[in-house]
Amino acid sequence: MEQLNSFWTKIGELHPLVVHFPISLPFVLGLLEILSFKKGKDEFQLTARIILYVAVGSSLISIALGLQLYWEEGDEGVLIQKHLWSGISSGVWIFFALIAHFYNEIKSYRIFLALSIISVSLAGYFGGEYVRMPEESITTDLPDLKDSKDFNNFNDSLELLRNQSHKILQSYCFDCHGPKKSKGRLRLDNLEFALKGGKNGPAIVLGNASKSEMIRRIKLPKDDDDAMPTKGKRPTAAEIKLLEDWINAETATNSKIQNKVSQKNVQSKAILDEWMESPVQPVVNSSLSEEQIVELNIKVRSILAHSCYSCHNATKTKGGLRLDKKEFIFKGGEDGPVLIAGYPEKSDLIRRIKLPDGHDDAMPTKGKRVPQEDIELLEYWIKTGATWPSGPEKSLYRVAELAPRNPILPIVKGINHPIDRFVFTYLKSSNNTFKQSISDAQFIRRVYLDVIGLLPSPEEVNRFLANINPHKREQLVDQLLNQNTAYAQHWLSFWNDLLRNDYAGPGYIDGGRSQIGHWLYASLKNNKSFDVLVRELINPQKESEGFIKGIIWRGTVNSSQSAPMQAAQNVAQVFMGLNLKCASCHDSFISDWKLEESYAFANVFSTKALEIHKCDLPTGKMASYGVLYPALGKINASVSKEERLKQLSEIFVQKKNGRLYRTFVNRIWAQLMGRGIVEPVDAMDNAPWSQDLLDWLAYDFANNGTDIKRLIRFILSSKTYQMKAIGVKSQEFVTASNFVFKGPLRRRLSAEQFADGFSQVFHPLYTDSMIAKKSLPKEIFKEIPFARASLVKNDAFLTALGRPTRENVTTNRNVQGNLLQALELTNGVKFNQALLDGASHWVQRYPLSEQLVQTLYQQSLGRKPTVKELAVAIKYLGKKPQVASVQDLAWAMFLLPEFQFIP
Amino acid sequence: MIQPFNRRDFLTKASLASLAAMGAGAPILNFGNKAEQMVASADTVILLWMAGGMAHTETFDPKQFTPYEKDMDANRVLSTFKSVPTALDGIHFSEGLEKIGKVLDKGTLIRSYVAADLGFILHSRHQYNWHTCYEPPQTVAAPHIGAWIAKLKGPNNPVIPSFIDIGQRFTVGESEELKAFHTAGFLGNEFGPFFIPDPSQGLDSVRPPIGMDLKRFEGRNQLYKNLINKSAWGEVGSDYQKESLQRSMEQAYMLLNSPEAKAFNLKDEPKESYDIYNTGRFGLGCLLARRLTEQGARFISVTTEYEPFVGWDTHENGHTRLEKMKAMIDGPVAQLIKDLDKTGHLDRTLVILASEFSRDMMMEGRPGATVKEQVAQPDKISEMKFYGMHRHFTDGCSMLMFGGGIKRGNVYGKTADERPCKTIENPVRIAEIHQTIYHTLGIKPDTNVEIEKRPFYTTPDGKGKAVMELF
């Protein structure tokens, strides 16, 4: 049925085409009559007869088609009525003319013909008018209120609403309900038509949007039978709101009741007035310097970015308002301009962010409200003229240099070590000097823990203390770095955290990540250079492929967590100190990184070309291929994934990728000094406390074979490393952006260092059978002094002491004391059993209390007990130590802050 | 209206703002901005976890009962148990849950929980989703709801850990996946679960180490203090790191030495009461939860324990297995509600009984999104072992809520009476459940922690809405 209907509509639409034919025929007949009248002959009569037949026939067809169109479209406009009747009458007259001609009634024929010519002219005129009818504004038919001064104000704001409503109706409705078509006998291109309505009654009820059929229908869900528009885009909520406002406001005008005009319209009018009146060039507060204007502008953009961008940007533009670019901010949205330079109190932006939460107009509608200090800053900015420097915009975010830099080494008298020369210069600039160096006893303990993660034996301590060689510290560092296996067993934990490699964890059930332990241990043991490590992780062999393989959970996974995207996030974080997590889902609100850039990078790791998904919805756009920083080079998209990864690995390790080397030297620095030169170590765009030092270390590292042990040796041999540690005063102290370096921070033993120290001194916490032997090379059993904690699966004891679950890259362990940890240490089964077992051995080995205390102090703390300490301990043990009391003493000793902190 | 704002003000504000903007890796807590003041109606939350997928049609939402016959048509079977009346008119439970039925007038039955559609089913992944409100994998380690509550509300009683997890062991299949959500994630270990795998051994977790009497325990602690005071380090004086270490040791000492620790000792419970609860580890877990609630616990989870193909994870013998499961929970759960009600604690304690999803005999997944089958279910039931709900069904699960401001004697939501027995009225999803729980505690929906410079909300995007009809 519907198909049939549309067929007839199509046929009807032929009417304008067919109609031009009969229009000309009466005129031709008229011409013939004039000619025959002049010549007095009848030689044209046969021709006239034929033309008459054709004219009558074609008129009939035109009328039939015209009627069809009329009924189908149900248009009831005045023009169409006139067109219809004049068209029909011209058909009737031409028919009569034929009859008259047939009976040779020439006089009557001429009269009928003349009438027909007049009718067809009128029909042509009305038809033409109808088709060409301008898309007049709804407002043109409204009562003119302009002369009534009282209503000028809201009339003007209403004018604004009308114009906008008209535009909305024009884009969504006129195609079917306009001059060309009036489906359901409804036209909406004129308020009169809309009020009259169509088949189903009025479309609009003045002053009552909620009773207006048009509003009801455009609000219906798309698949509802009554929903409008039936084709094309649907109006946005904001547009509907505007139409409602307009309909509600129309009453006021017509009934001349001022109060009914919503407060809001008056207000937007006021804002508009202000805007029009405010000078083109706002007054700039002269107390701000050029530099401050730029700074203020950056603050303003930061606030807008933080609080507003997510709904007012290029991809999501609520209320037609964008706040991410200068021109849009000043232009405003559907509700008009949002700010008036110089007048924060009149700016809609300020009004809305100040409204209480829950108010209809309050902004932002989701997320945090704008903090008071940010509101004040925006007000200040608008008050001082809403200044916006011209020219290219500075990024809101600090973006670190990509290229390497080789800063000039400062010359400092009496100091040779490059690190110390930079640090001395830095300290001097902040009115500090080198802190006192730690003692030899402290140094040997610190450097043992840092290089091999173990405690020096009392013999080693004594030998070191007795050594009078002035270079003994450097020699010790070398000697420790040469203990390849002990070094590998310690640094394994750092790398496992960084590469989220663990001996057990989620994601192994359904494929995805795999172990890289064999490869990693061997690489560390052989001091594989950093650039080779990076190459082998990005462009992996079988044994190192686990890193770029994602953690896969069974089922469907959010596209921002697909395996290639995980690879992109992890490679960016680990090697470039870059957070791509936000930009994996949408354009980032905390950096300049875009969704497309993340996808282009992820695509490199993907076997199948990726389609860009925004917030887990497909965009229909395929990702390109890229390496985040175009300056580094390009990926050839047409090759296989393996080939791409090879290209990527080569691109990454280039010397010109200064960021790669800065990121890594900063990680090692943080590991050895308690805080990075840049912090957090995964946010390399943050400002370093010394750019020169960071750049120099990175440059030196990149140009000396990227030798990791060399880097460690270099740092450990500096006076800077050997300074007294500084206590951490609060958690925030470490991460504060205004951090001032005064020396290395006091660090707590890691879970592994604590466990190994205890195992070494008192009793092994783990046995060889607990080593994750499948994940590590076989020869490891010959290379360990005891089952070291870095080689076993995570357990409650290590977790309590801060070993992370390695599902995500971890570069900052939580080493704060807390109740759960203290409980584990106080009555945890594992620790207590080891204490008990150890105590049983110790009482046999050291039958005398004093001897036992002396040994325990030297082995655990690397020093002899003081007289007072000895007295307290012996008092507890009694003369002959018992298992229980030794167990208690050992417990207390290992929990002493002195044991738990690196000197 | 507007405070005069001069240049110096601007510069101070600017530096403050930049300081905040630079905010580094440490999580920054934001308690939410929503203007309405929220008043907590609960101080304690007890989660009774039916691990492994509890079939709604066999428990709290029974359908037409079809008794077992050899070679019966599987498609006919909606429930393998008779229905029994509850304290509420017209509301029936499945046979075997009579005791809980009798206390239903004290709480609300939700019959319309719709689990997330995560595709091909993995129990631990759905459990992760239930307990964290997020779907794994995540770019940061998502915290368990207990850890959120521990972080946001702190302990009710300083010597009782804020987040206690009773009954789950990690020596079973999928244990690594279970560990992935039994964590405080980025909130830090401090807010992580205090595990009591076996409630009858609960006391061991909170008393001095085995073999150590109180006198020795106190002596050991004194020795520790003396050695600190006498050591060179001790004399150096105050230090933040050392203090935080000592403070936590002191806290542990207090807990292990506190009278409240006795609450962990189930042997102190009168025999009569103990016996009602003693249906095994789950039942005793309920008893421990009750005793800890009385002493001021914050969040306690008691689980029937997840182990693949065990407990509620019925891949076969569904009917016979459920007889046992219902016997395991019916008495203790009902008694827990009665006891808490009698002492008045129920008014301030929210008790929730829930499972990661439901089960059905025929459908794996949900209508419109069926997934790869994991259970062999013949169309003709030739043996008793095929008689039961064995497939994983996500579109209609039952849940119970008692106390903490939850309406008494209320039923919310509905499932279809014919297969698929899916939710047909008032669907409730996980974010709504979480915010309903947070609501009772007075935690605002937009509460979040800033991690790596972006907000991580208690429910995704802070969009979870409390189901107000439940109050």
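In the predicted model, Ile228(B) is located in helix 7 of chain B, a helix that covers residues 214-230. Ile228(B) has 20 other C-beta atoms within 10 Å and is therefore classed as buried, since the cut-off for burial is 20 or more. The C-alpha atom of Ile228(B) is separated by 55 Å from that of Arg408(B), a residue 180 positions away along the chain.

The overall dimensions of chain B were examined next. The C-alpha trace of chain B spans about 80 × 65 × 40 Å along its principal axes. For 471 residues, a compact globule would be expected to have a radius of gyration near 23 Å, so the value of 25 Å for chain B agrees with that expectation. Of the 471 residues in chain B, 55% are buried. Among the contacts in chain B with a separation of 6 or more, 76% are made by residues 24 or more positions apart. The secondary structure of chain B consists of 13 helices and 19 strands.

Within chain B, an open sheet is formed by 8 strands, arranged in the order 8-7-9-2-10-14-6-15 and with mixed pairing. The edges are occupied by strand 8 (194-196) and strand 15 (410-412) of chain B; each has a single partner strand, and therefore one side of each is left without a neighbour in the sheet. From one strand to the next, the twist averages 15 degrees. Strand 7 (residues 163-166) and strand 9 (residues 299-303) of chain B run parallel and are joined by 4 bridges. Asp165(B) has Ser301(B), in strand 9 of chain B, as its bridge partner. Helix 4 of chain B (residues 145-153) packs on this sheet, where it touches strand 2 (44-50), strand 7 and strand 9 of chain B. The direction of helix 4 makes about 155 degrees with that of strand 7 of chain B.

Chain B also meets chain A, with 75 residues of chain B in contact with 84 residues of chain A. On the side of chain B that touches chain A, two or more residues are given by each of helix 1 (7-22), helix 5 (175-179), helix 7, helix 9 (240-256) and strand 19 (454-457) of chain B. Helix 9 of chain B provides the largest share of this side, 12 residues. Classified by residue type, the side of chain B that touches chain A comprises 38 nonpolar, 17 polar and 20 charged residues. Helix 7 of chain B thus appears in two settings: this helix contains Ile228(B), and it is among the elements that contribute to the side touching chain A.

Notes: Residues numbered from 1 in each chain as written. Chains lettered and ligands numbered in written order. Predicted model: local features only at pLDDT ≥ 70, side-chain atom pairs only at ≥ 80, totals over all residues. Pairing = 2+ DSSP bridges. Axes fitted to C-alpha atoms, helices over the stretch in contact; angles between N-to-C directions. Contact = placed C-beta atoms within 7 Å. Buried ≥ 20, exposed ≤ 12 C-beta atoms within 10 Å, placed from the backbone. Rg over C-alpha atoms; globule rule 2.2 N^0.38 Å. Nonpolar A, V, L, I, M, F, W, Y, C, P; charged D, E, K, R; others polar.
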